[in-house]
Amino acid sequence: MPDKKLGFGLMRLPVLSSEDRGRIDYDKLYRMADTFLSRGFTYFDTAWMYHNFQSEPALKRAVIDRHPRDAFTVATKMPTMMLTSPEDQEHIFVQQLQKTGAGAFDYYLLHDLNVVTYKTVTDYGTIPYLEAQKAAGRIRKLGFSFHDSASFLDQILTEHPDMDFVQLQINYLDWDNPGIQSRKCYETARAHGKPVIIMEPVKGGTLASLPPEAELIFRSIHPDWSAASWAIRFAASLEGVMVVLSGMSTIEQLEDNTSYMQTFTPLTDTELQAVFRVRDILLNTTEIPCTGCRYCVEANACPMNIPIPDFFALYNAEKKDTNDLWSPQIEYYLNMVTHGAGKASDCIRCRGCEAMCPQRLPITDLLPKVAETMEVEQD
């Protein structure tokens, strides 16, 4: 287990051209990697498809070829969403060993387990294949990243109790989001005794830039703490967290993160209260002011089985998200539909939900907006 809780996520590296994410700025990356290691941090996280498939080679060039192998740990992932046959697993895994030059992977993940990809890896025998690689010494710790419901996470961990760790999307804005279920997923992983790696602690940069009234709350307590540092500190303060990943694009971001994570101290109760006050401000500036009371679905069940409050929460989170690479909110939405929920576009405008809504929201007028935003394909 890494000595320090900050991990270097290689998904948002400095690039030479915003039009081509495969053109990595190696002069900047060398400096960032060297600074990271010189301050005692060791965990590097990459994946097969990051930076147009150039992130794993970048890890080799910037870290593995330039530093002793025992000075760092390497994490990469099997791209479950790209598997088309059982044979793909061997082909990809062998290429990853070659592309990284790692020799063996300290941490290896099934990338993005959800209701769809779990069926794929079950059908293809992906987990037994990776367990065989672990037994052969090519993988030291085997786990998975996850974007789905807490109940589905419980199912996976019950069926595969030998998984060494779980990687979850956790940040203070999503903590109680009924669609993303950060808190519930975290509690499920801990109930199974699994160490947790945290991704998206700053929500793709969303929590690095706050409204003035929210910024004032943080500044009144610690004038010198960045907004992003509050988000990472919140995640790192959770019991059982092994690593908090940060996708750092600049040396300034790396300097900031490593400055306070070298000798990390968990947030105090007063600081946690400030975090949730800021969270409430962010939630109160949402497009759809749904309170999540669930009267619309529980007191008068939707005939189309549309989980209206969950979809509104995901829509609001999507509208706040500044991540331009990929939308976890859309993935959570599509996973819920795959699990059997009706789509927002399935609304038949019966208006039974509106009759039960204490906020008197025009739900049937809002659901088409949700459908337009959330019912899209991701690259």
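These legends describe close-up views of a predicted model.

**View 1. Helix 3 and its buried side.** Helix 3 spans residues 55-64 and is mostly covered, with seven of its 10 residues buried. The buried set consists of Ser55, Glu56, Ala58, Leu59, Ala62, Val63 and Ile64. Around the axis they take up an arc of only 160°, which places them on the same side of helix 3. An α-helix has 3.6 residues a turn, so residues three or four places apart point the same way. Three strands and three helices are listed as partners of this buried set: strand 3 (20-24), strand 4 (43-45), strand 5 (73-78), helix 1 (26-38), helix 2 (50-53) and helix 4 (87-100).

**View 2. Serine 55 in helix 3.** Serine 55 belongs to helix 3. Its relative accessibility is 0%, so serine 55 counts as buried. Beyond its neighbours within four places in sequence, serine 55 is in contact with Leu10, Thr46, Ala47 and Tyr50.

**View 3. The largest nonpolar core.** This core holds 88 residues. Phe8, Phe44, Phe144, Leu168 and Tyr172 touch the most other members. Helix 10 (residues 227-236) makes the biggest contribution to this core, giving eight residues. Another core lies apart from it and has 25 residues, including Ile288, Ile308, Phe312 and Cys353. In soluble globular proteins, nonpolar side chains tend to be buried together.

**View 4. Contacts of leucine 168.** Leucine 168 is one of the residues that touch the most other members of the largest nonpolar core. With neighbours within four places in sequence left aside, leucine 168 is in contact with Phe146, Leu153, Cys185, Tyr186, Ala189, Val196, Ile197, Ile198 and Met199.

**View 5. Helix 8 and its buried face.** In helix 8 (residues 182-191), the buried residues are Ser182, Cys185, Tyr186, Thr188 and Ala189. Down the helix 8 axis they fall within an arc of 160°, so they line one face of the helix. Against these residues pack strand 7 (139-146), helix 7 (150-159), strand 8 (165-169) and strand 9 (196-199). Just after helix 8 comes glycine 193, with a positive phi of about 75°.

**View 6. Aspartate 174 in a loop.** The loop between strand 8 and helix 8 holds aspartate 174. Is this residue, aspartate 174, buried or exposed? Aspartate 174 counts as buried, because its relative accessibility is 0%. Neighbours within four places in sequence aside, aspartate 174 is in contact with Gln169, Ile180, Ser182, Lys203 and Ala317. Of these partners, Ser182 is also among the buried residues of helix 8.

**View 7. Helix 14 against helix 15.** The axes of helix 14 (residues 308-320) and helix 15 (residues 328-338) come within 9 Å. They cross at roughly 160°. Helix 14 and helix 15 are therefore roughly antiparallel to each other. Their crossing is left-handed. From helix 14, Asp310, Phe311, Leu314, Ala317 and Glu318 take part in the contact. Helix 15 meets them with Gln329, Ile330, Tyr332, Tyr333, Met336 and Val337. Ala317 of helix 14 is also in contact with aspartate 174.

**View 8. Alanine 214 in helix 9.** Alanine 214 sits in helix 9 (residues 212-221). Its relative accessibility is 0%, so alanine 214 counts as buried. Which residues does alanine 214 contact, leaving aside its neighbours within four places in sequence? They are Val278 and Ile281. Alanine 214 and proline 201 are 13 residues apart along the chain, and their C-alpha atoms are separated by 17 Å.

Terms used: Residues numbered from 1 in each chain as written. Predicted model: local features only at pLDDT ≥ 70, side-chain atom pairs only at ≥ 80, totals over all residues. Heavy atoms only, no water. Buried < 20%, exposed > 50% of the residue type's maximum accessible area, 1.4 Å probe, protein only. Helix = DSSP H or I, 4+ residues; strand = E, 2+ residues; numbered from the N terminus. Arc of directions from axis to C-beta. Contact = heavy atoms within 4.5 Å. Core = buried A, V, L, I, M, F, W, Y, C linked by side-chain atoms within 4.5 Å. Axes fitted to C-alpha atoms, helices over the stretch in contact; angles between N-to-C directions. Parallel < 35°, antiparallel > 145°, perpendicular 65-115°, else oblique. Left-handed = near helix turned anticlockwise from the far one by under 90°.
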